[in-house]
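Please open the model in your viewer and keep the sequence panel beside it, since this tour moves from one selection to the next and says at each stop what is there.

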Amino acid sequence: MAQIAFRNVTKRYGRTLAVDDATFTVEDNEFFCFFGPPLSGKSTILRLILGLETPDEGEILIDGKPVNAVSPAARNVAMVFQNLALFPHMTARENVAFPLVERKMPQADIDRRVAQVSEKLHIGHILHKPPAQLSGGERQRVAIARALVRDPAAYLMDDPISALDARLREETRVELKRIQRELGKTLIYVTHDQEEAMSVADRMAILEKGRIRQVGAPVEIYDRPASIYVASLLGSPAMNIVAGRRGAAGIEAAAGAIRLAASAVPEGTIEIGVRPEDLKVAEPEAGEAGATVVEVEPLGGYTVVTLDAGATRLRALMRGQPDIRPQSRVALRCDPARLHFFGQGGGVLVR
Ligand code: ADP
Ligand code: MG
């Protein structure tokens, strides 16, 4: 059992604020993701949890107890997946057992742990084989088993599958999710891939330059981003951000292509966020300021339509293969309830 919490933790490297006043709580048994662009402080947070780094300010707690002065070995959290490559000259069983053999665990305990983890990963029937005789997916599961064979209170993973090809990455993250649920262990997972974070995390924290910008369930953050920064990191194509004005009569944006009745938004200049899947394309009515179709990208199940409304470029994500041609004029429609309104500083205005 492991709940892991930061209270106002700051870590500096010279003048760099690697982690800036971070406060969060990862609950026991949670699959918790840290997501952010490169250099946003993800790895530093993991090293602080492990005890490989000491905070300059603030407190780290494991199960409610301060651990700032506790050695890494005594914290009982393990970084796994630093190396997913298997030893080619060992069987799958020897590979899985390796971390325990290295720690000189008694053979009977090793056999029991290997059997347990192999059952969870569905690799019992291939343990006698060398890696060369395993499929890509099987090798991956053996490597995960080796990573999980020790039994700490919490696992940490730092971008573990970024080196895999796209297909194997998708398979592996589904496996990871299943395994975490079955093991019932706290898993803190770092990724710079938004789709991966969305798909695996129970909850996630979004980082910007060492600061935690938002914490919540992935879908919650996707639907209610607290800022343009967060909104733009999640979703593909990215959310459209359109400059607009809230006047006495309502909201106008994108050279008149988007018009909305008055809302709870305060008067003045605003930024409007529209997810591509929430932007609808329709026949323009007489005299309606519309948009011009710039490009149509059929992706099979979906089509991405790029549009210009005055100087504003927008993207719409449509189901199937709609009959829309480049250069045609269209009207833009959106459900006001699906829009996001941000102020000048990029923070959300109404929730
Ligand atoms: P991420 O894992 O999100 O890419 P890091 O935690 O590795 O980010 O880095 C956060 C910031 O701290 C970066 O600006 C990085 O250059 C800096 N940093 C990380 N580790 C060190 C270090 N050992 N010495 C100096 N600066 C570091
Ligand atoms: Mg990193």
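Domain bounds, as used here, come from an automatic or database domain assignment. The model is a predicted one, and the protein in it is divided into domain 1, residues 4-224, and domain 2, residues 240-347. If you colour these two ranges separately, you can compare their centres, which, taken over C-alpha atoms, are separated by 40 Å.

**First stop: ligand 1**

Select ligand 1 and then display the residues that surround it, which are Tyr13, Thr16, Ala18, Pro37, Pro38, Leu39, Ser40, Gly41, Lys42, Ser43, Thr44 and Arg47. Sorted by class, this shell consists of five nonpolar, five polar and two charged residues.

Which atoms of serine 43 and of the backbone should you look at beside the oxygen atoms of ligand 1? At leucine 39, a backbone N or O atom lies 2.6 Å from an oxygen atom of ligand 1, and at serine 40 a backbone N or O atom lies 3.0 Å from an oxygen atom of the ligand. For serine 43, turn on the side chain, where a polar atom lies 2.8 Å from an oxygen atom of ligand 1. Taken alone, ligand 1 exposes 560 Å², and the protein buries 64% of that area.

To see the shell in terms of secondary structure, highlight β2 (16-26) and α1 (42-50), the elements that give two or more residues to the shell around ligand 1. Of the elements, α1 gives the most, with four residues.

**Second stop: a loop after β2**

Follow the chain on from β2 into the loop between β2 and β3 (31-35), and select asparagine 29, which lies there. The phi angle of asparagine 29 is near 70°, a positive value in a residue other than glycine.

**Third stop: the cavity**

Now turn to enclosed space, for which the count comes to one cavity of 30 Å³ or more. About 50 Å³ of space lies in this largest cavity, and to frame it you can select its lining, made up of Leu148, Tyr155, Met157, Leu176, Ile179, Gln180, Leu183, Lys185 and Leu187. The elements that give two or more residues to this lining are β7 (154-158) and α6 (166-183), and the largest share, four residues, comes from α6. By class, the lining of the largest cavity has seven nonpolar residues, one polar residue and one charged residue.

**Fourth stop: the second largest pocket**

Which residues lie nearest the centre of the second largest pocket? Select Asp223, Arg224, Ala337, Leu339 and His340, which hold that position among the 17 residues of the lining. The pocket contains about 330 Å³ of space, and the elements that give two or more residues to its lining are α8 (218-223) and β20 (340-342). With the two domain colours still switched on, you can check that the lining draws at least three residues from each of domain 1 and domain 2. By class, the lining of the second largest pocket has nine nonpolar, two polar and six charged residues.

**Last stop: a cis peptide bond**

Finally, select proline 237, which is found in the loop between α9 (228-233) and β11 (240-246). Zoom in on the bond that joins serine 236 to proline 237, a cis peptide bond whose omega angle is about -5°.

Definitions and conventions
Residues are numbered from 1 along each chain as its sequence is written. Chains are lettered from A and ligands numbered from 1 in the order in which they are written. This is a predicted model: local features need pLDDT of at least 70, side-chain atom pairs count only at pLDDT 80 or more; totals for chains, interfaces and linings use all residues. Side-chain values use heavy atoms; hydrogens and water are left out. A residue is near a molecule or strand if one of its heavy atoms lies within 4 Å of it. A polar contact is a pair of N or O atoms within 3.5 Å; within protein, one must be able to donate a hydrogen and the other to accept it, and residues adjacent in sequence count only if both atoms are side-chain atoms. Accessible areas come from the Shrake-Rupley method with a 1.4 Å probe; for residues, only the protein chains shown count as cover. Ala, Val, Leu, Ile, Met, Phe, Trp, Tyr, Cys and Pro count as nonpolar, Asp, Glu, Lys and Arg as charged, and the others, Gly among them, as polar. On a 1 Å grid over the protein atoms alone, a cavity is a set of points where a 1.4 Å probe fits but cannot get out, and a pocket is an open set with protein on both sides within 12 Å along at least five of seven lines; lining residues have an atom within 4 Å of a point. Grid points are joined across faces, edges and corners, and a volume is the space filled by probe spheres set on the points.
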